[in-house]
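Colleague: Got a minute to walk me through this one? I'd like to hear about the empty spaces first, then whatever else you have.

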Amino acid sequence: MTPEPDGPEDRLRRFATIWSRAVFPHTATSLTRPELEQELLPLARRLSEALRARTFDAAEARAVGAALIDAHCTEPEALSRALDCVDAYLVLYCGGDGPKEDLRSRSARLQHAMAAGFAEALRERTLAEQEAIARAALQAQGVVAQALHATEARLRAVFEGAAIGIGIADLDGNIVQVNKALLRMFGGTEEGMRGRNVVDWTHPDDAPQVWRLYEELVRGDREHYHVEKAFYRPDGTVLWTNLTVSLLRDADGEPQYQLALMEDTTERRLLNLRLRYEATHDALTGLPNRTLFFERLEKALSAGEGMRFGLCYLDIDGFKTINDSLGHAAGDRLLVEVADRLQSCATAPGEMVARLGGDEFVALTTGPDTQTEVDALADRIMNALVTPVRIDGRELTVRGSIGIVEGPAGERGPAEVLRSADITMYRAKSAGGNRYELADPEADARAITRHGLTTALPAALDRGEFFIEYQPLVHLGDDSVRGAEALVRWLHPQHGVLGPDKFIPLAEHTGLIVPLGRWVLEQSVRQARDWQERHGEQAGPFRINVNLSPCQLTHPGLVADTVDILERAGLEPNSLCLEVTESALIGADDDLLKPLRRLAEMGVDIALDDFGTGYSNLANLRRLPVSILKLDRSFTQSMQQFPADPVDLKIVDGIVSLAHSLDLTVTVEGVETGAQAEQLRLLGCDTAQGWYYARPGPPERLHELALVDATG
């Protein structure tokens with residue numbers, strides 16, 4: 001089937017063609033250019049799919065980088081040409097209609113992952129080649145030894161035909177013979193090489209064991225050794241080699257010569273260093289990235305006794321606004337400027353700055369006295385951000401929030417330290433930003449618990465972990481139970497029973513309050529209907545009170561859900577009371593009040609909960625569709641003892657008189673003593689609830705209470 005002209009498949013093939021033309025001159029493959037294109041086509045398809053995938057998958061790009069090694073594209077220039085090709089043409093030919101800025105950002109991340117995959121595969125091939133060279137060295141040792149014992153002609157044939165550098169020295173280290181491959185590697189003459197001694201070839205980067213192994217070999221205690229070693233060439237440049245040195249013995253088994261075989265690894269080492277740098281440094285700012293930072297942090301946390309660490313976690317305040325208003329290019333320039341300033345703040349030994357991603361940076365300090373050093377580092381960072389950044393003719397004020405974690409090494413892991421710093425940073429941001437805060441283990445624990453509860457909330461409703469307790473509403477005139485308030489609880493598998501103050505704010509924040517509130521209303525209405533069927537008239541007029549959160553008030557399905565639940569349960573609307581806090585209705589417009597008015601017109605009672613804790617705008621009562629005021633317990637606490645505070649008595653008396661003049665009934669919360677109950681009855685309050693009558697409990701306990709005198 002022929003691809004559609006200029007369709008996705010056709011554009012993909014064009015990208016593969018461009019890619020093959022770019023890298024073909026720099027490959028060691030025996031394939032023709034069209035054959036190489038066919039090998040690159042599936043790799044191009046994988047890159048195209050990774051570019052447009054819903055979530056970024058670095059593994060795909062790493063696999064593509066590794067596949068280049070299998071295709072014999074092992075030269076540094078081949079990788080460079082491949083990355084340039086991806087950078088220039090991947091989004092153009094394979095990006096489709098997606099947002100170009102996001103696609104270019106993802107393309108850059110794919111290039112980094114390709115480079116990392118290429119480096120890893122190249123290292124694996126290098127190890128395999130080194131093993132092959134070592135085997136060849138052992139074979140060459142036997143061949144050369146036989147040649148020395150046989151004829152000079154055979155020795156010369158081995159020397160000149162070898163593709164790797166070969167040199168022979170006596171046991172004193174004087175060079176006896178070298179082949180042409182070794183001369184090409186060093187760039188010298190045979191006469192110049194023969195005048196050298198092995199021990200003159202020291203290099204500052206020599207591993208500590210290099211010369212110890214050499215001494216063991218010339219003493220006859222070792223037959224061979226293999227190391228990576230650097231040499232200075234005559235022109236001062238550095239030659240890196242894989243070096244294998246073997247001991248040659250005479251016919252009687254006595255040590256006579258040492259044989260060196262060298263493979264030039266200079267270009268490969270430079271490529272590996274470049275790839276390592278790109279894999280561990282941020283492409284935009286040049287700072288160490290998350291990978292290198294975690295390596296350094298893990299090393300700092302595993303330091304010996306007496307060592308400490310200090311970590312500053314910085315987030316730029318309002319960075320998203322800058323990106324949205326001025327564009328990503330301006331945002332990138334701001335990040336580069338911030339990175340430069342942070343780099344200038346961490347110049348002492350044991351200090352480093354890294355970019356974790358986005359507008360998040362970290363600064364690390366280590367040593368025995370980081371308690372004072374980390375505070376000084378945070379001060380330097382805050383001072384460095386004071387000067388505005390000038391971008392495109394605008395002066396941008398940079399503010400940052402910093403979370404600081406400091407402590408002894410060896411007690412925590414990197415993930416735990418970074419999580420604590422992140423939590424502390426958000427605490428600084430919540431306090432207004434442009435400041436730093438020190439980590440507080442108790443605050444961390446609360447934040448972690450809060451996060452755990454938030455993530456567990458959705459599944460908790462599906463698993464049936466919520467249940468409802470009921471607290472009776474008692475008529476103060478005859479002490480009869482006239483209703484009950486439904487109070488939701490969460491039976492958490494780890495934390496036990498949690499009250500609504502622990503999870504309702506989280507449910508409101510996540511939006512789960514709507515389905516949770518609907519479930520509470522459904523269960524409570526069904527329970528009220530069950531009470532009515534069991535006890536009938538003997539329980540008197542009965543009403544169930546259910547709390548509504550501000551989020552539920554704005555949900556468009558509130559009225560329809562309430563009507564549906566009442567009808568399915570067979571409960572009359574006047575048996576339901578919805579409680580709304582006073583603060584939720586402060587400044588409410590007609591649109592917000594409309595669903596409450598519709599419910600009130602149906603016969604549902606609306607109670608103004610916690611009355612007296614908000615602005616208590618009494619004139620506002622005339623426009624609110626409420627029929628009940630629930631007086632906050634703060635007004636009646638002084639009535640627990642006799643005599644009550646006369647000021648509180650006058651306030652409550654005034655509220656009750658006002659409410660009754662507006663045809664509102666008054667319910668009082670938090671009644672805990674008989675003196676309170678009697679005083680509230682004398683003041684004219686209608687109903688009450690509190691521990692004096694009963695604590696919240698299961699429904700069975702409530703209808704038992706309904707059958708006896710409430711005060712008994």
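**Cavities, pockets and a sheet**

Modeller: Sure. The largest cavity holds about 250 Å³ of space. Keep in mind that this is a predicted model.

Colleague: Which residues lie nearest the centre of that largest cavity?

Modeller: Val-198, Trp-201, Val-245, Ala-260 and Met-262, out of 22 lining residues. The largest share of the lining comes from strand E5 (255-264), which gives 4 residues. Other elements that supply at least two residues each include strand E4 (238-249), helix H7 (180-186) and helix H9 (210-218).

Colleague: And how does the lining of the largest cavity split by class?

Modeller: There are 19 nonpolar residues, 2 polar and 1 charged.

Colleague: How many cavities of 30 Å³ or more turn up in the whole structure?

Modeller: The search finds 2. The second largest cavity has a volume of about 120 Å³. Its lining has 13 residues, and those nearest the centre are Gly-517, Arg-518, Gln-552, Leu-558 and Asp-561. Helix H18, strand E16 and helix H20 (558-569) each give two or more residues to that lining. By class, the second largest cavity is lined by 6 nonpolar, 5 polar and 2 charged residues.

Colleague: OK, on to the pockets. How much space lies in the largest pocket?

Modeller: About 1,600 Å³. The lining counts 48 residues, with Ser-105, Ala-108, Arg-109, His-112 and Asp-282 closest to the centre.

Colleague: Which element gives the largest share of that pocket's lining?

Modeller: Helix H5, with 15 residues. Among the other elements that give two or more are helix H3 (58-70), helix H4 (76-94), helix H13 (328-345) and strand E7 (351-357).

Colleague: What classes do the residues of that lining divide into?

Modeller: 17 are nonpolar, 14 polar and 17 charged.

Colleague: While we're on H5, I was looking at Ser-107. Is Ser-107 buried or exposed?

Modeller: Ser-107, which sits in helix H5 (residues 100-149), counts as buried because its relative accessibility is 2%, and the cut-off for buried is under 20%.

Colleague: What is Ser-107 in contact with, leaving aside neighbours within four places in sequence?

Modeller: Leu-51, Val-86, Asp-87, Leu-90 and Val-91.

Colleague: Back to pockets. What about the second largest pocket, how much space lies in there?

Modeller: About 480 Å³. It has 23 lining residues, and Pro-500, Ile-504, Asn-547, Leu-548 and Ser-549 lie nearest its centre. H18 provides the largest share of the lining, 4 residues. Strand E14 (481-492), helix H17 (500-510) and strand E16 (543-548) are among the elements that each supply at least two. That lining divides into 13 nonpolar, 5 polar and 5 charged residues.

Colleague: New topic, the sheet. What order do the strands of the 5-stranded open sheet come in?

Modeller: The order is E7-E8-E6-E11-E12, and the pairing is mixed. E7 and strand E12 (435-438) are the edge strands, each pairing on one side only. From one strand to the next, the twist averages 20 degrees.

Colleague: Which helix packs on the sheet?

Modeller: Helix H14 (residues 370-384). H14 touches strand E6 (308-316), E7, E8, strand E11 (400-408) and E12, and its direction makes about 20 degrees with that of E6.

Colleague: Can you take me through the pairings? Do E7 and E8 run parallel or antiparallel?

Modeller: Antiparallel, with 6 bridges joining E7 to strand E8 (residues 360-367). As an example, Ala-354 has Val-362 in E8 as its bridge partner. E6 and E11 also pair in the antiparallel sense, over 9 bridges, and Cys-312 has Ile-404 in E11 as its partner.

Colleague: And in what sense do E11 and E12 pair, parallel or antiparallel?

Modeller: Parallel, over 4 bridges. There, Ile-402 stands opposite Tyr-436 in E12.

Colleague: Last one: how many of the residues of E11 are buried?

Modeller: 7 of its 9, so E11 is mostly covered, with buried meaning under 20% relative accessible area.

Definitions and conventions: Residues numbered from 1 in each chain as written. Predicted model: local features only at pLDDT ≥ 70, side-chain atom pairs only at ≥ 80, totals over all residues. Heavy atoms only, no water. Buried < 20%, exposed > 50% of the residue type's maximum accessible area, 1.4 Å probe, protein only. Contact = heavy atoms within 4.5 Å. 1 Å grid on protein atoms, 1.4 Å probe; cavity = no way out; pocket = protein on both sides within 12 Å on 5 of 7 lines; lining within 4 Å. Points joined across faces, edges and corners; volume = space filled by probe spheres on them. Nonpolar A, V, L, I, M, F, W, Y, C, P; charged D, E, K, R; others polar. Pairing = 2+ DSSP bridges. Axes fitted to C-alpha atoms, helices over the stretch in contact; angles between N-to-C directions.
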